[in-house]
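Work through the following exercises with the coordinates open beside you, and try each task before reading its solution.

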Amino acid sequence: VQGEVLYLALEDNKRRLKSRIEKVSPPLSEDKWPKALDFNTEWKRCDDGGLDDLRRWARSKPNPRLIIVDVLAQFRSGRGNMENLYESDYRAVKGLQELASEFGITVIIIHHVRKGMSDVDPFERVSGTMGLTGAADTTIILDRDSNGCTLYCRGRDIEEYEKAVTFNRDSCRWVVQGEASEVRRTDERGAILSALEDATEPMSVKDISLATEMPRNNCDQLLFKMAKAGEVSKAKRGSYVHPDRTYLIEVDPPTPDKNDKKIRNDMGEVERHES
């Protein structure tokens, strides 16, 4: 539903904001500027009148729909003398959450994540305590790791999901590629096939893991599935080749059965008899 939007770009100056707007939208002359969009690069902090000013803005518009606070650190007030960190973080978001409920609008709060925490619960990546995610109705985390960028979402009124996304620098737009698990699986398969295609001999799981920068266990499991599906060829136990390079597989002579016995006949020739 379209309506009035207020964007608080508190980490930007007007020049940078203008440059970004021109990338997302066609060149806008003064008479074509969207009348429903207001933006500010400066705003009072929450307890210093900032929250009250947001209420006044919402009341002044016929159809307010969205407020964006970018970023929370520039809007929230300091911690009270008697507050612990969790209480301070919870209060930083709770006022905006109540404002959204009061006017029936959406408030998007931009906040930072911790770096290098890809193996933990996504909510633990949010910089600060769990008070931030506890007060918000929905938390959406945009993160980047060795597998690319993902958008993870969990909330009270929405199903949990994780999407793989890419960023177009020319248009300043994010594009959803699909379910993160499916996209990653496809990318990992491609990386394995690329490594095997360049190989001059069968590669071990360890070598493939190093070449693709995949965890050894994940690489081993995926190779098993790919071999079963015929996407890679198994040279021998623990080594693989590209399906188009099966000529790299050495054909070993058959090993005699351990129960076979060699018996010389009267002519001195060796005969093989199975016991």
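Two strands are taken to pair if DSSP finds at least two bridges between them. The model used here is a predicted one.

**Exercise 1.** Determine how strand β6 is joined to strand β7, and find which residue is the bridge partner of T150.

*Solution.* Begin with the strand limits, since β7 covers residues 158-168 and is joined to β6 by 6 bridges, the two running antiparallel. Next, follow T150 across to β7, where its bridge partner is A164. Finally, inspect the connection: β6 and β7 form a hairpin, with 2 residues between them.

**Exercise 2.** Establish how many bridges join strand β5 to strand β6, and in which direction the two run.

*Solution.* Strand β5 takes in residues 138-145 and strand β6 residues 148-155; 8 bridges join them, and they run antiparallel. As one example of this pairing, R144 has C149 in β6 as its bridge partner.

**Exercise 3.** Test whether the span of helix α5 agrees with the value expected from its number of residues, and list its buried residues.

*Solution.* Helix α5 holds 19 residues (180-198), and at 1.5 Å a residue it should span 27 Å; because its end C-alpha atoms are 27 Å apart, the expected value and the model agree. Then apply the cut-off for burial, which is under 20% relative accessible area: in α5, the residues that are buried are A180, V183, E188, I192, A195 and L196.

**Exercise 4.** Describe the protein as a whole in terms of its elements and its burial.

*Solution.* Counting elements gives 7 helices and 13 strands, while 32% of the 275 residues count as buried. The protein exposes about 18,300 Å², of which carbon and sulfur atoms supply 48%.

Conventions
Residues are numbered from 1 along each chain as its sequence is written. This is a predicted model: local features need pLDDT of at least 70, side-chain atom pairs count only at pLDDT 80 or more; totals for chains, interfaces and linings use all residues. Side-chain values use heavy atoms; hydrogens and water are left out. Helices (H or I, at least four residues) and strands (E, at least two) are DSSP runs, numbered from the N terminus. The expected span of a helix is 1.5 Å times one less than its number of residues. Buried means under 20% relative accessible area, exposed over 50%, partly exposed in between (1.4 Å probe, protein chains only). Accessible areas come from the Shrake-Rupley method with a 1.4 Å probe; for residues, only the protein chains shown count as cover.
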